[in-house]
Amino acid sequence: MPLYPTTIAGSLPKPAWLAEPSKLWAPWRLSGDELEGAKRDATLLALKLQEDSGIDIVTDGEQSRQHFVHGFLEFVDGIDFAHKVEIGIRADRYKAMVPTVTSELRLKGRVHAGEARLARAHTSRKLKLTLPGPMTIVDTIADAHYGDRVKMAMAFAGLLNTEARALAADGVDVIQFDEPAFNVYMREVGEWGIEALHRAIEGLTCTTAVHICYGYGIKANIDWKATLGSEWRQYEEIFPALAKSRIGQVSLECRNSHVPMSLLKLLDGKDVLIGAIDVASDAVETPEEVAAVIAQAARYVAPERIVAGTNCGMAPMRRDIAMAKLAALGAGAKLARQKLG
C-alpha cells in the first residue's frame with residue numbers, strides 16, 4: 001500500500017440506466033432479474049472506474065442500494081415498509097418518510113453477500129464495504145416496538161455484527177460504519193454510540209472504520225452547515241472518545257470545511273481518512289488542491305496513518321463530475337507522495 005492511499009466514503013452515482021440520476025432515494029429503472037443484472041453490471045463498472053482513477057481501497061460504490069441506511073433495513077424482519085411515516089431526522093434537520101420497527105428485529109439472511117463476493121472476485125485491490133451505524137439507523141427509522149433508542153440501537157448492532165463477520169469471511173478488507181448522527185448527538189456518542197459500534201465490530205479481525213462527516217451535498221445539509229459558524233468544532237467533543245475506542249479508522253470531512261485541522265491531533269493512534277474531495281460542490285478539485293489538504297493533515301497526523309478520501313458519499317452527484325473528482329483524488333495523492341515523501 002503506498003503512502004497516502006486513496007479511498008472513497010462509499011457511494012458513487014448510479015448509471016442513468018440503473019436509477020434516476022442526481023437524486024437521493026432514486027427509484028430503480030428496472031425490476032426483477034433485469035434489475036439484479038443491472039446492479040451487478042454497475043458494481044463492476046464502479047470498481048473499474050475507481051481502479052482507473054488510482055483508488056487504492058475500492059468499494060462497490062453502493063450500486064445495489066437505494067439508500068445507505070435502507071439498503072440494510074430491507075433485509076431485516078420486524079420492520080414495516082408498507083406504511084411509512086414522516087419523521088424529523090438528524091435532530092429535525094430534514095424530514096423523511098421512513099418505515100417502522102414493529103416487532104423484534106431479525107436478519108432475513110445475508111445482506112451484501114452478492115456485491116461483496118462479486119467485487120472480491122473482480123479486483124485485486126483492498127476492498128471496503130460500508131454499513132450504516134447503529135445510531136444513524138435508529139435516527140432514520142420509526143419505533144413502535146422497543147420504546148428505547150439505546151435498546152433498539154443495540155439490537156441493530158447485533159444484526160450489523162452478524163453481517164460484518166460474514167463480509168469479512170467474504171474477503172472484505174475494511175468494514176466501515178457510516179455514522180453521520182455522531183455529528184448531531186455528541187453527548188449520546190459517549191454515552192452509548194461508541195458502545196453500539198463496539199457491539200457491531202465484535203470479533204472482527206479485518207480493519208474497521210467509522211465515517212462521521214457532515215453529510216451528503218444536499219440542500220438541507222448545506223443550509224445546516226451555513227449555521228455552524230467559522231469553526232466547526234463538533235468533532236472536538238467526540239474525537240477523544242473515538243481515540244480510545246476499538247475502531248481502527250475515522251473518516252471525516254476536511255475539504256472546504258471549517259474543521260480546525262489541529263483537532264486531528266485528538267485522534268492520535270487512529271488511521272484518519274481525510275476528506276479531500278468536496279461532495280457539496282460541482283467544482284472539480286485540482287490534484288494540487290487535494291495534495292494541499294493532505295499536507296495540512298500531515299501536520300497533525302502521522303503520514304503513515306493518513307488515507308485520502310472524499311468528504312462523504314457521492315450518490316446524488318452528477319456522474320461526470322464524480323468521475324472527474326475521483327481522478328483528481330488519485331492524482332492528488334500521487335502528487336502528495338512526490339512532494340511530501
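Trainee: Which residues of helix 3 are buried?
Mentor: Keep in mind that this is a predicted model, where local features need pLDDT of at least 70, side-chain atom pairs count only at pLDDT 80 or more, and totals for chains, interfaces and linings use all residues. Residues are numbered from 1 along each chain as its sequence is written, and side-chain values use heavy atoms, leaving out hydrogens and water. Helices (H or I, at least four residues) and strands (E, at least two) are DSSP runs numbered from the N terminus, while buried means under 20% relative accessible area, exposed over 50% and partly exposed in between, with a 1.4 Å probe and protein chains only. In helix 3, the buried ones are Ala113, Glu115, Ala116, Leu118 and Ala119.

Trainee: What do those buried residues of helix 3 pack against?
Mentor: Contact here means heavy atoms within 4.5 Å. For the buried residues of helix 3, the partners are helix 1, strand 4 (126-132) and helix 5 (149-169).

Trainee: Ala119 is in helix 3, so which residues does Ala119 touch, not counting those up to four places away in sequence?
Mentor: Start with its surroundings: Ala119 counts as buried because its relative accessibility is 0%. Its C-alpha is 6.4 Å from that of Asp60, although 59 residues separate the two along the chain. Not counting residues up to four places away in sequence, Ala119 touches Leu47 and Leu127.

Trainee: Are helix 1 and helix 3 parallel or oblique to each other?
Mentor: Two packed helices are described by the angle between their axes and the distance between the axes. Axes are lines fitted to C-alpha atoms, for helices over the stretch in contact, and angles run from 0 to 180 degrees between N-to-C directions. Helix 1 (residues 32-52) and helix 3 (residues 113-122) pack at about 45°, with axes 10 Å apart. Angles under 35 degrees count as roughly parallel, over 145 as roughly antiparallel, 65 to 115 as roughly perpendicular and the rest as oblique, so this pair is oblique.

Trainee: How do the contact residues of helix 1 and helix 3 divide by class?
Mentor: Helix 1 passes helix 3 in a right-handed crossing, where the near helix is turned clockwise from the far one by less than a right angle (left-handed if anticlockwise). The contact is made by Arg40, Thr43, Leu44, Leu47 and Glu51 of helix 1 and Leu118, Ala119 and His122 of helix 3. For the classes, Ala, Val, Leu, Ile, Met, Phe, Trp, Tyr, Cys and Pro count as nonpolar, Asp, Glu, Lys and Arg as charged, and the others, Gly among them, as polar. The split is four nonpolar, two polar and two charged.

Trainee: And how many nonpolar, polar and charged residues has the contact of helix 5 with helix 6?
Mentor: The axes of helix 5 and helix 6 (residues 186-200) come within 7 Å and cross at roughly 30°, so the two are roughly parallel. Their crossing is right-handed. The contact involves Val150, Ala153, Met154, Ala157, Gly158, Leu160, Asn161 and Ala164 of helix 5 and Trp192, Glu195, Ala196, Arg199 and Ala200 of helix 6. By class that gives nine nonpolar, two polar and two charged.

Trainee: Which residues have the most contacts inside the largest nonpolar core?
Mentor: A nonpolar core is a set of buried Ala, Val, Leu, Ile, Met, Phe, Trp, Tyr and Cys residues joined through side-chain atoms within 4.5 Å. The largest one has 93 residues, and its best-connected members, those with the most contacts inside it, are Phe156, Phe182, Phe239 and Leu242.

Trainee: Which residues is Phe156 in contact with, leaving aside neighbours within four places in sequence?
Mentor: In soluble globular proteins, nonpolar side chains tend to be buried together. Phe156 contacts Leu73, Ile79, Val101, Leu105, Ile137, Val138 and Ile141.

Trainee: Is Leu204 buried or exposed?
Mentor: Leu204 lies in the loop between helix 6 and strand 7 (207-211). Leaving aside neighbours within four places in sequence, Leu204 is in contact with Ala164, Arg165, Ala168 and Ile175. Its relative accessible area is 16%, so Leu204 is buried.

Trainee: What is phi of Tyr4 near?
Mentor: Tyr4 lies in the segment before helix 1 and counts as buried because its relative accessibility is 2%. Its phi is positive, in a residue other than glycine, and lies near 55°.
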